[in-house]
Amino acid sequence: MTWVVLLIGAIGLLLALLFTGMRVFAAFLVLNLAGVLVLMGPRGFGLFTNSLFETATSGSLATVALFVLMGEVLFRSGSVDVLFDGVDRLVGRVRGRLYVVTIALSTVFGALSGSAVAVAAVLGRSVLPSMCNRGYDTTRAAGTVLAGASLAPIIPPSLLAIIVGSLADVSIAGLLVAGILPGLLLAALTLTFVLSRAAPDASEAKGGALKGLLAIAPFLIVVGSVMGLILAGVATPSESAATGVFGALIVAAIHKRLSFKMLREALGGAALTTCVILVIVCAAKLFAQLLSFAGATRGLVTLIGDLGLGPDATFLLMMLIPFVLCMFIDQIAFMLLAVPIYVPLVALQGYDPIWFWTLFLINLTVGSLTPPFGYTLFALKGASGLSTREVFAAAWPVVGIFITGMVTLWLVPDIVTLLPRLMN
Amino acid sequence: MTLSGRILDGVSGVLFVVAGLSLAAMALFYLYEVAARYLFGAPTIWTADAVGYTLAAVIFAALPEATRRRSHVAVDVVPSALGPAAARALTRLTDGAAALACGAAGSIAAREALRQFERGLMTNAAIPVPRWPITAMIALGLLVAALQLARHAARPPQGERP
């Protein structure tokens with residue numbers, strides 16, 4: 001049972017380093033350098049460099065860089081402001097209209113940025129104060145922003161889906177498409193919750209639905225150049241990310257916001273974000289090989305098999321762990337730790353990989369918005385200036401909504417698997 | 001700022017420009033591939049590999065600047081619960097440890113780049129290219145980032161709350 005000691009030691013060391021506040025990529029570097037020394041000695045350093053090389057030159061991870069660039073172009077060109085105004089006009093006069101605007105904007109922003117933290121920060125600074133000023137209930141308004149932000153890692157193009165697909169060797173196109181219906185389901189559940197208790201609205205609709213429609217129409221170019229080309233089989237996910245960048249540049253040009261200065265800022269911002277995300281992946285990738293080398297992967301599979309748990313009980317156990325740990329640690333860091341351990345278990349239990357990893361991603365998102373340590377909560381608190389108590393109170397109903405959504409997806413797996421099946 | 005600090009920031013800045021240009025090149029490579037395949041019926045055999053090499057440049061050339069700006073992801077639950085002095089001490093400690101880890105990883109990669117250069121190792125690609133420039137970029141990014149981390153550990157900016 002040496003692998004058990006090694007596995008517990010490795011996870012313990014990593015969590016201890018993370019909790020001291022060490023940068024996540026550096027913590028993984030320490031873990032893997034120590035792992036190579038313990039398991040192979042200095043002769044294993046070639047494997048370490050090879051792992052950095054192979055991960056850093058992985059074409060599937062280039063997708064992350066290009067989707068980040070697409071989002072940067074749209075945000076820095078001010079096209080997002082035009083989108084904001086257009087959605088606001090389009091929603092018109094409905095009861096609790098700003099809740100609807102928030103969810104619609106979150107869905108679109110989430111699709112553009114792929115990051116829950118980014119969407120929570122943007123909406124927490126823009127829409128939330130406006131809702132509070134117009135007499136909306138603060139807790140429910142903040143909850144709507146949290147729910148909307150949490151759609152970002154699910155609705156395509158999701159950066160987390162690309163990283164999971166790359167690590168678990170699952171179709172990235174399938175994972176991206178699989179997020180569409182669950183994302184819409186969760187958006188509908190959230191809207192049903194907030195609108196069922198919405199008071200009559202004191203805010204004034206801007207009016208001009210046609211004007212709103214015209215404002216958002218250019219964004220169809222971006223949607224078409226990303227999801228349209230993937231679904232039509234014209235471009236791979238990586239290529240569609242590049243065509244998405246091109247689409248975003250066209251949108252910026254239509255809004256007369258295309259300039260060299262904007263392009264330079266977008267490239268710099270995207271390079272920085274890409275580095276911050278992918279250097280963690282590069283530093284962590286060797287962990288999977290070390291687990292396998294130490295016999296932990298095979299040992300875990302045998303152990304779970306010997307426990308005699310059914311697929312449902314195993315599934316619950318595999319979902320409970322990320323739910324708890326993502327309250328405390330970063331989603332990407334957890335993914336890099338867990339995916340190599342989970343991959344053989346998913347195969348052993350015979351789960352549909354697209355279905356399992358989609359639910360896994362939603363679960364990570366729920367963990368990151370669950371008090372007391374969820375990352376999305378801190379982003380909203382920092383952006384909005386709300387008290388910790390208000391943010392926590394807003395988060396609990398959203399956690400409930402997302403868990404309801406997950407149970408639905410567990411019971412009706414076709415919601416996840418239908419579109420990937422049709423695509424194939 | 002000391003001369004060594006200015007040189008370090010200058011090198012980080014130049015590498016950051018390389019990262020931005022590599023990202024632009026990556027997008028252009030894929031756009032060219034889609035256009036070549038669907039408009040001219042002439043798919044290339046080099047774009048996928050070229051994109052991989054430029055991705056390595058984006059990640060590791062931007063690493064020193066990301067480190068200088070303290071942009072990296074960290075779990076700050078414990079440091080933010082401590083008092084300012086204790087948090088500062090813990091941050092300096094973790095920055096020092098991270099500098100050692102980055103430095104060790106960078107020197108291992110640098111030795112490997114040298115070995116690849118001496119043996120003339122090529123990439124396993126449709127159009128093979130030497131491996132050492134890519135490994136050298138990885139090593140350079142890690143080593144300059146290690147120096148930035150060491151500077152953070154030695155002299156954290158005044159008034160900063162980790």
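In which helix of chain A does A:Gly269 lie? A:Gly269 is part of helix H15 of chain A. The model is predicted, and what follows describes its chain contact, its nonpolar core and its salt bridges.

**Around A:Gly269 and A:Thr190**

A:Gly269 has a relative accessible area of 11% and is therefore classed as buried, the cut-off being under 20%. Leaving aside residues up to four places away in sequence, A:Gly269 touches A:Glu72 and A:Arg76. A:Arg76 is 193 residues from A:Gly269 along the chain, yet their C-alpha atoms are separated by 9.4 Å. The two residues touched by A:Gly269 also pair with each other: the side chains of A:Arg76 and A:Glu72 form a salt bridge, 2.4 Å from N to O. Both sit in helix H4 of chain A, four residues apart, about one turn of the helix.

A second buried position is A:Thr190, at 3% relative accessibility. This residue belongs to helix H11 of chain A, which covers residues 180-196. Beyond residues up to four places away in sequence, A:Thr190 is in contact with A:Ile103, A:Ala147, A:Ile401 and A:Phe402.

**Contact between chain A and chain B**

Chain A contributes 54 residues to the contact and chain B contributes 55 residues. In chain A, the residues that lose the most area to chain B are A:Arg23, A:Phe53 and A:Leu272, together 16% of what that side buries. The two chains bury about 4600 Å² between them, with 78% of that area on carbon and sulfur atoms.

Six residue pairs are in polar contact across the interface of chain A and chain B, both residues being at pLDDT 80 or more. On the side of chain A that touches chain B, the elements giving two or more residues are helices H1 (2-19), H2 (24-39), H3 (45-56), H4 (59-76), H14 (237-254) and H15 (260-284) of chain A. H15(A) gives the most to that side, with 12 residues. By type, the residues of the side of chain A that touches chain B are 37 nonpolar, 13 polar and four charged.

**Nonpolar core**

The largest nonpolar core has 193 residues. Those with the most contacts inside it are A:Phe28, A:Phe356, A:Trp357, A:Phe360, A:Phe402, B:Leu23 and B:Phe60. H15(A) gives the most to this core, with 16 residues. A:Phe356 touches A:Phe315, A:Met318, A:Met319, A:Tyr342, A:Val346 and A:Tyr351, again not counting residues up to four places away in sequence.

**Salt bridges**

Over all chains, the whole structure holds 12 salt bridges. Three salt bridges are counted between chain A and chain B. Including one pair that crosses between chains, some of the salt bridges are listed below with the accessibility of each partner.

| Pair | N to O distance | Relative accessible area |
|---|---|---|
| B:Arg131 and A:Glu54 | 3.7 Å | B:Arg131 12%, A:Glu54 44% |
| A:Arg76 and A:Glu72 | 2.4 Å | A:Arg76 39%, A:Glu72 16% |
| A:Asp414 and A:Arg421 | 3.5 Å | A:Asp414 42%, A:Arg421 47% |

The side chains of B:Arg131 and A:Glu54 meet in a salt bridge. This pair runs from the loop between helix H4 (84-119) and helix H5 (132-154) of chain B, where B:Arg131 lies, to A:Glu54 in helix H3 of chain A. B:Arg131 is buried, whereas A:Glu54 is partly exposed. Similarly, A:Glu72 is buried and A:Arg76 is partly exposed. A:Asp414 is partly exposed, and A:Arg421 is also partly exposed.

A:Arg23, B:Arg70 and B:Asp95 are joined in a network of salt bridges.

Key
Residues numbered from 1 in each chain as written. Chains lettered and ligands numbered in written order. Predicted model: local features only at pLDDT ≥ 70, side-chain atom pairs only at ≥ 80, totals over all residues. Heavy atoms only, no water. Contact = heavy atoms within 4.5 Å. Buried area = accessible area lost by both parts, 1.4 Å probe. Salt bridge = Lys/Arg side-chain N within 4 Å of Asp/Glu carboxyl O. Polar contact = N/O pair within 3.5 Å; in protein donor to acceptor, adjacent residues only side chain to side chain. Nonpolar A, V, L, I, M, F, W, Y, C, P; charged D, E, K, R; others polar. Core = buried A, V, L, I, M, F, W, Y, C linked by side-chain atoms within 4.5 Å. Buried < 20%, exposed > 50% of the residue type's maximum accessible area, 1.4 Å probe, protein only.
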